[in-house]
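Open the structure in your viewer and keep the selection tool at hand. We will go from stop to stop together, and at each one you will select something and see what is there.

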Amino acid sequence: MRCFSLGKIVSFASLTALSLGAGAQTAAPMQAPPNLANPGTLSTPSLPQASSSSSPTNQVLTLADAEARALKNQPRLLAQQFRAEAANKRVTESRSGYFPQMFGNLTAVEANGDTAVAAGAVTTSSVSTRAAGGGSLVQLITDFGHTSNLVQSARFDAKAAGQDEESIRQTVLMNVQEAYFAAQAAESVLKTAQAVLDFRKLSFRQLNALAQSQLRSTLDVQFAQVMVSEAELAVVRAESTVQKAQAQLAASMGEESASSYSLVDESLPPSPDSEPSEYIQQAIVDRPDLKGLRLHSESASHEARAETDRNFPSVTALASGGEVPIHDSTIHRDYGAVGVNINIPIFTGGLYTSRAAEARLEAKAADEDASLREVEIVRDVRMAWADARDAYLQLDVTQRLVDQANVAMRLAQARYDAGLGSIVELNQAELNQTSALITAASARFDYLRSMTAFQFALGDLH
């Protein structure tokens with residue numbers, strides 16, 4: 001599932017504001033529409049307080065709690081942790097070639113009388129009736145680097161798996177933070193819609209009282225009723241958006257059960273520096289996905305060397321011993337032998353050569369994958385940096401926009417009350433103020449979300 005875009009939430013709320021502001025009041029002096037004291041917090045001194053989207057029984061959830069739940073429950077991260085453990089086991093598998101290999105043997109043979117040889121082997125065959133038990137030992141002396149390169153390849157793969165785990169961990173944190181801030185943005189829009197609905201209801205009651213006193217027409221009352229219905233519809237839609245955002249938040253934490261959370265505001269991080277060059281260098285050094293690709297490249301290089309080493313001889317020491325409690329006269333009661341075996345590959349039909357060539361090509365491909373990711377990281381950092389800077393600058397701009405819209409609304413209301421202004425002028429002022437309220441309420445969460453993406457691009461999301 002995708003996290004809800006704050007831009008879509010703002011666009012929806014702006015359209016709602018347009019429909020609500022399309023028909024402002026034509027009554028005598030009325031209460032002023034909602035004002036904004038701080039971004040994301042409605043201040044309506046002359047209106048009923050907007051109700052909260054979360055009831056007192058809702059579970060309080062901080063961003064740190066949400067992150068802890070996601071790291072504990074997210075199946076994608078847990079799966080990668082198991083893969084990292086499996087990669088570490090493959091190091092032990094590769095190192096096993098350094099150690100002696102011991103085997104136990106139990107053999108029982110019933111041979112025909114006077115049997116001496118058997119077909120199917122170039123070496124001398126001795127088939128005798130016997131029952132024997134013993135053991136064998138094989139110890140690698142040298143294979144000219146084949147095993148050591150396999151071990152190094154497995155170690156780099158294990159380290160790469162650890163970096164892949166860290167990359168997924170940061171992805172999980174980014175998803176839960178974006179979902180958290182999107183849910184807060186949806187609640188902010190809902191509070192704005194509820195405040196507008198309260199204002200519309202109050203205006204309707206005032207117009208209805210004026211109409212009963214023959215001071216306003218019934219058309220104004222009907223128009224006010226339509227605006228109340230539009231505001232109620234906007235609240236219903238905003239509540240649905242909040243529920244979807246809450247569901248996305250639960251999914252990002254790896255939780256299946258539906259819950260309603262009361263989210264706690266987070267402090268704003270400082271603005272990024274004016275130049276992205278240092279951030280680019282930091283990302284190239286710290287990004288876990290790039291580290292993982294470089295480690296995979298190292299692993300592929302060692303694997304290529306290991307495949308090349310197959311063309312060299314391998315030297316092993318052999319030992320075998322045991323007893324033969326049941327035997328014929330041609331066999332002693334016990335046996336034992338030691339020896340050295342040199343295995344020299346002479347002709348394999350091009351198998352080892354092809355494997356070495358394949359491994360070298362895979363290593364080159366891994367190098368190119370790392371180079372591509374580095375280019376993408378530079379792009380991602382520049383774009384995330386630009387988005388974060390833009391969102392930070394919008395915080396101050398949107399607050400000034402709200403202040404200016406509040407002043408314009410008061411002037412338009414005063415002109416309308418004095419009979420100097422038209423209803424169109426008042427409608428436009430109210431629409432501008434509502435749009436400014438929504439934009440300012442969402443600007444805070446836009447900045448938080450953009451900083452999350454920026455920190456993820458740096459590989460510094462904790």
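## Stop 1: a strand with little cover

Start by selecting β8: none of its 10 residues is buried, so the strand is hardly covered. Keep in mind that you are looking at a predicted model.

Now add β7, residues 314–327. This strand runs antiparallel to β8, and 10 bridges join the two. Together they form a hairpin, with six residues between the strands. To see the pairing up close, pick Ser-314 and look across to Asn-343 in β8. Then try Val-315, whose bridge partner in β8 is Ile-342.

## Stop 2: the whole sheet

Which order do the strands of the open sheet follow? Select four strands and read across: β4-β5-β7-β8, with antiparallel pairing. β4 (101–109) and β8 stand at the edges with a single partner strand each, so one side of each has no neighbour in the sheet. From one strand to the next, the twist averages 20°. As background, strands in a sheet pair through backbone hydrogen bonds.

## Stop 3: a nonpolar patch

Select Ile-141, Val-340, Ile-342, Ile-344, Ile-346 and Phe-347, and show the surface: they make a nonpolar patch of about 740 Å². One of them, Ile-346, sits in the loop between β8 (334–343) and α8 (351–417). Is Ile-346 buried or exposed? It is exposed, because its relative accessible area is 81% and the cut-off for exposed is over 50%.

## Stop 4: a helix with two faces

Move to helix α6, residues 277–286, and colour its buried residues Tyr-279, Ile-280, Ala-283 and Ile-284. They cover an arc of only 140° around the axis, so they lie on the same side of α6. Turn to the face away from that buried side to find the exposed residues Glu-278, Gln-281 and Val-285.

## Stop 5: salt bridges

The structure holds nine salt bridges. Here are some to visit:

- Arg-69 and Glu-255 meet at 3.2 Å, N to O. The pair links distant parts of the chain, 186 residues apart, with Arg-69 in helix α2 and Glu-255 in the loop between α5 and β6.
- Glu-166 and Arg-169 meet at 3.5 Å, N to O. They are three residues apart in helix α4, so about one helical turn separates them.
- Arg-373 and Asp-289 meet at 3.0 Å, N to O. Arg-373 is in helix α8 and Asp-289 in helix α7, so the pair ties together parts 84 residues apart in sequence.

Finally, add Arg-287 and Glu-376 to that last pair, and you have a network of salt bridges linking Arg-287, Asp-289, Arg-373 and Glu-376.

Technical notes
Residues numbered from 1 in each chain as written. Predicted model: local features only at pLDDT ≥ 70, side-chain atom pairs only at ≥ 80, totals over all residues. Heavy atoms only, no water. Patch = residues over 30% accessible without salt bridge, like charges linked within 9 Å, V, L, I, M, F, W, Y side chains within 5 Å. Areas by Shrake-Rupley, 256 points an atom, 1.4 Å probe, with all protein chains shown as cover. Salt bridge = Lys/Arg side-chain N within 4 Å of Asp/Glu carboxyl O. Buried < 20%, exposed > 50% of the residue type's maximum accessible area, 1.4 Å probe, protein only. Pairing = 2+ DSSP bridges. Arc of directions from axis to C-beta. Axes fitted to C-alpha atoms, helices over the stretch in contact; angles between N-to-C directions.
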